[in-house]
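Morning, everyone. I have one structure to walk you through today. Please take a look at it first.

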Amino acid sequence: AEPKYSLVLEAQNSGQITALSKQFEAGKKVSAGDILAIISDTSYLASVATQEYAVTSAIVALKEELRTADQALDEWNASGLSGQPSSDLVLRKPQIAEAKAALLDAKASLKEAQQNLNDTKIKAPFNGLVVSREIVPGSYVQAGTEIGTLYNTDRMDIKIALSAKDWAKLPSINTMQKARWPVTLTDVETQNQWQAYVLSADNHRDSDTRLRTLVVALDNPLQQTPALYAGSFVKANL
């Protein structure tokens, strides 16, 4: 039995761990969006402030350039010369384009800084079970540092390799999927049983075994009585 998702959580940026959730302990459950750990955000707050200043400055620079361009156009019209200037520089078109590009760059840098600040709060990406935690308060992490492992608790998957002869005894995979075809799972050690269903199937055969895999699913495995734990070995009857 394998969880729907298994994820090794990694830090997205660098800094010292300043807080840990009480739920971020091996064996405890967490919900999607829960804050598991917090990285010191002092430098990231400063970066956001710097980039906000850069955006403001870029806006002012663009407005000044637009005003200068209007003045240049008035001066050209007042000169009595016919046609268009020999260079776009006269009417400040390249300068305006440069100022607009500078504003876009500043806004992109601000967005990146804000994302880095958000990433100082390490959150659970899905409903899960904490399998391990690799950090403690005061730990210093860098981008890519492993901080823990989560298993999804919404669904447990069991992959069953079947021969062509076995498949010939079953309805089509489309029929089984639509009907949520029942499958009885039995723990090989405890003989506990659960009622699962057909989820999907591989559309290829293993090149070595020549077997094709059927995937059986059990929703909310830890809420079952008894619970079905990841790593359990089961027999399937369908």
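Let me start with a word on terms: helices here are DSSP runs of H or I with at least four residues, and they are numbered from the N terminus. Helix α1, for example, covers residues 42–78, and leucine 66 lies in it. One caution before we go on: this is a predicted model.

Now the overall picture. The protein has 4 helices and 14 strands. Its C-alpha trace spans about 95 × 50 × 30 Å along the principal axes. The radius of gyration is 30 Å, whereas a compact globule of 238 residues would come in near 18 Å. Buried residues account for 33% of the 238. The exposed surface is about 14,400 Å², and 49% of it comes from carbon and sulfur atoms. What about contacts across the sequence? Take those between residues at least 6 apart: 71% of them join residues at least 24 apart.

Back to helix α1 for a moment. Is leucine 66 buried, exposed or partly exposed? It is partly exposed, because its relative accessible area is 36%, and that falls between the cut-offs of 20% and 50%. Lysine 93 sits 27 residues away from leucine 66 along the chain, and their C-alpha atoms are 9.1 Å apart.

Next, the sheets. I'll take two of them.

One is an open sheet of 4 strands, in the order β6-β5-β3-β8. Its pairing is antiparallel. The edges are β6, residues 121–123, and β8, residues 140–141; each of these pairs on one side only. Inside this sheet, β3 (residues 15–20) and β5 (residues 35–39) are linked by 3 bridges. One pair to find on screen: isoleucine 17 has isoleucine 39 in β5 as its bridge partner.

The other is an open sheet of 6 strands. Its order is β1-β10-β13-β12-β11-β14, again with antiparallel pairing. Which strands are at the edges? They are β1 and β14, and β14 covers residues 234–237. At the β14 end, 4 bridges join that strand to β11. Threonine 186 has lysine 235 as its bridge partner in β14.

Let's stay in this sheet and look at β10. It covers residues 155–162. On one side, β10 pairs with β1, residues 2–3, over 2 bridges. Proline 3 stands opposite methionine 156 there. β10 also pairs with β13, residues 212–219, through 8 bridges. How enclosed is β10? Of its 8 residues, 6 are buried, so the rest of the structure largely encloses it.

Arginine 155 is part of that strand. Why do we call it buried? Its relative accessible area is 17%, and buried means under 20%. Its bridge partner in β13 is aspartate 219. Its side chain also makes a polar contact with the side chain of aspartate 157, at 2.8 Å. Leaving out residues up to four places away in sequence, arginine 155 touches ten-odd names you can look up on screen, including Glu2, Pro3, Tyr197, Leu199 and Pro221.

Just before the strand comes threonine 153. It lies in the loop between β9, residues 146–152, and β10. Threonine 153 counts as buried too, because its relative accessibility is 14%. Beyond its sequence neighbors up to four places away, threonine 153 touches Asn127, Gly128, Leu129, Asn220, Pro221 and Leu222. Note that Asn220 and Pro221 are also touched by arginine 155.

Last topic: the nonpolar cores. The largest has 20 residues. Which members touch the most others? They are Ile158, Trp167, Met176, Leu185, Leu214, Val216 and Leu228. The elements giving two or more residues to this core are β10, α4 (173–178), β11 (182–187), β12 (193–201) and β13. Apart from this core lies another, of 16 residues. Among its members are Leu9, Ile17, Val141 and Ile147.

Let me close on leucine 214. Again skipping residues up to four places away in sequence, leucine 214 touches several residues, among them Ile158, Trp167, Met176, Val198 and Leu238. Click on it and trace those contacts yourselves. Thanks, and over to you.

Terms used
Residues numbered from 1 in each chain as written. Predicted model: local features only at pLDDT ≥ 70, side-chain atom pairs only at ≥ 80, totals over all residues. Heavy atoms only, no water. Buried < 20%, exposed > 50% of the residue type's maximum accessible area, 1.4 Å probe, protein only. Polar contact = N/O pair within 3.5 Å; in protein donor to acceptor, adjacent residues only side chain to side chain. Contact = heavy atoms within 4.5 Å. Pairing = 2+ DSSP bridges. Core = buried A, V, L, I, M, F, W, Y, C linked by side-chain atoms within 4.5 Å. Rg over C-alpha atoms; globule rule 2.2 N^0.38 Å. Areas by Shrake-Rupley, 256 points an atom, 1.4 Å probe, with all protein chains shown as cover.
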